[in-house]
Amino acid sequence: MKISVYNDWDHVAKAEAEGPDEAVLAWDGEYRKGDIIEFSDLEPGRFYMVKVDAAIETSLVLVKQESVLYTVPFYEKKTSYNPLSFFGNRHVVTIRYARDYEINSYKNLALNPFDQHEVSGVYPHASANVETRGEAVFAARNAIDGCICTLSHGEWPYESWGINRQDDAKITIDFGRKVDFDKIVLYTRADFPHDNWWVQGTFEFSDGTTQVVNMDKKVQEPHVFEISKKGIEWIKLGNLIKADDPSPFPALTQIEVYGTESN
């Protein structure tokens with residue numbers, strides 16, 4: 001496997017590293033707008049542990065393609081990331097095969113700080129039919145980045161999935177394979193009185209079943225639902241009903257899905 005850093009306009013490598021089972025790239029220099037971090041020589045269908053920056057948590061991901069291009073975020077696109085990420089003149093990027101105990105452990109199956117808005121083929125992946133004004137701080141990927149700060153809105157660490165006041169808003173978490181789970185946790189944004197909150201929502205599962213859940217408490221703490229499913233490839237959350245409150249701004253800070261790989 002190989003890691004390369006280059007700019008999209010000239011494709012001249014700034015730094016590279018490779019290895020048979022793990023690649024570790026430590027390099028001196030500054031990221032510039034248009035820079036790409038490419039992970040190549042990958043085996044489609046394998047799990048990898050990827051750390052794209054020292055200020056971003058390591059991600060366990062299923063990769064279904066031979067290479068992954070990661071666009072280094074700048075300006076508005078970076079507002080949903082830790083401001084220390086991709087900053088300065090010394091950087092570390094790593095990738096390795098995931099170990100069996102990491103793959104088969106009980107874990108948050110939705111977690112992926114490495115997720116990108118436009119990139120498919122890397123899972124888990126979040127997408128939605130609406131994101132407030134198309135802004136990075138309200139993108140669907142924010143709901144699976146591991147950040148659970150609910151008491152404000154906007155730039156990191158308060159990024160969230162925003163629905164642009166749209167009543168038919170729906171978010172999808174695609175696992176890219178079949179998983180078994182027994183618990184779903186929702187952190188709804190709680191920047192009151194700016195925010196509204198949802199009193200009800202409906203989960204839709206890839207097996208064709210649905211489940212209505214109630215969130216009738218105005219709280220900053222997570223909503224925990226004991227929902228057991230097996231062999232699920234994706235879940236959707238929609239039919240979101242707002243509380244009777246003057247604010248038009250409910251939002252989702254994080255969704256967590258706890259379980260294991262399907263046998």
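Which residue in strand 4 is the bridge partner of Tyr6? Select Tyr6 and look across to strand 4, where its bridge partner is Ile36. The model on the screen is a predicted one, and this tour proceeds from its strands to its empty spaces.

**Stop 1: strand 1 and its partners**

Select residues 2-7, which make up strand 1. Of these six residues, five are buried, so the strand is largely enclosed by the rest of the structure; buried here means under 20% relative accessible area.

Add residues 35-40, which form strand 4. Six bridges link strand 1 to strand 4, and the pairing is antiparallel.

Next, select residues 13-18, which are strand 2. This strand runs antiparallel to strand 1 and is joined to it by five bridges. One pair to display is Ile3 with Ala17, its bridge partner in strand 2. Strands 1 and 2 form a hairpin, with five residues lying between them. Within that turn, select His11, which has a positive phi of about 55°.

**Stop 2: the sheet of four strands**

Strands 1, 2 and 4 can now be viewed together with strand 7. In what order do the four strands of this open sheet stand? The order is 2-1-4-7, with antiparallel pairing. Strand 2 and strand 7 (68-71) are the edge strands, and each of them pairs on one side only. From one strand to the next, the twist averages 15°.

To see how strand 7 is attached, select it with strand 4: four bridges connect the two in the antiparallel sense. Ile37 is a useful residue to label here, since its bridge partner in strand 7 is Tyr70.

**Stop 3: the sheet of five strands**

Move to the other open sheet, whose five strands follow the order 3-8-5-6-10 and pair in the antiparallel sense. Select strand 3 (22-28) and strand 10 (122-123), which stand at the edges. Each has a single partner strand, so one side of each is left without a neighbour in the sheet.

Select strand 8, residues 90-97, beside strand 3. The two run antiparallel and are joined by seven bridges. Within this pairing, Leu25 stands opposite Val93 in strand 8.

**Stop 4: the pockets**

Rolling a probe the size of a water molecule over the atoms shows where empty space is left. The largest pocket has a volume of about 420 Å³. It is lined by 20 residues, and the ones to select are those closest to its centre: Thr71, Pro73, Lys77, His117 and Glu118. The lining of this pocket consists of eight nonpolar, six polar and six charged residues.

For the second largest pocket, select Ala55, Ile56, Glu57, Asp145 and Trp156, which lie nearest its centre among 15 lining residues. The volume of the second largest pocket is about 260 Å³. Its lining comprises seven nonpolar, four polar and four charged residues.

**Stop 5: the cavity**

How many cavities of 30 Å³ or more are there? The count comes to one. Which residues line the largest cavity? Select Val68, Phe114, Asp115, Gln116, Val119, Val122 and His125 to display its lining. The space inside the largest cavity is about 40 Å³. By class, four of its lining residues are nonpolar, two are polar and one is charged.

How values were computed
Residues numbered from 1 in each chain as written. Predicted model: local features only at pLDDT ≥ 70, side-chain atom pairs only at ≥ 80, totals over all residues. Heavy atoms only, no water. 1 Å grid on protein atoms, 1.4 Å probe; cavity = no way out; pocket = protein on both sides within 12 Å on 5 of 7 lines; lining within 4 Å. Points joined across faces, edges and corners; volume = space filled by probe spheres on them. Nonpolar A, V, L, I, M, F, W, Y, C, P; charged D, E, K, R; others polar. Buried < 20%, exposed > 50% of the residue type's maximum accessible area, 1.4 Å probe, protein only. Pairing = 2+ DSSP bridges. Axes fitted to C-alpha atoms, helices over the stretch in contact; angles between N-to-C directions.
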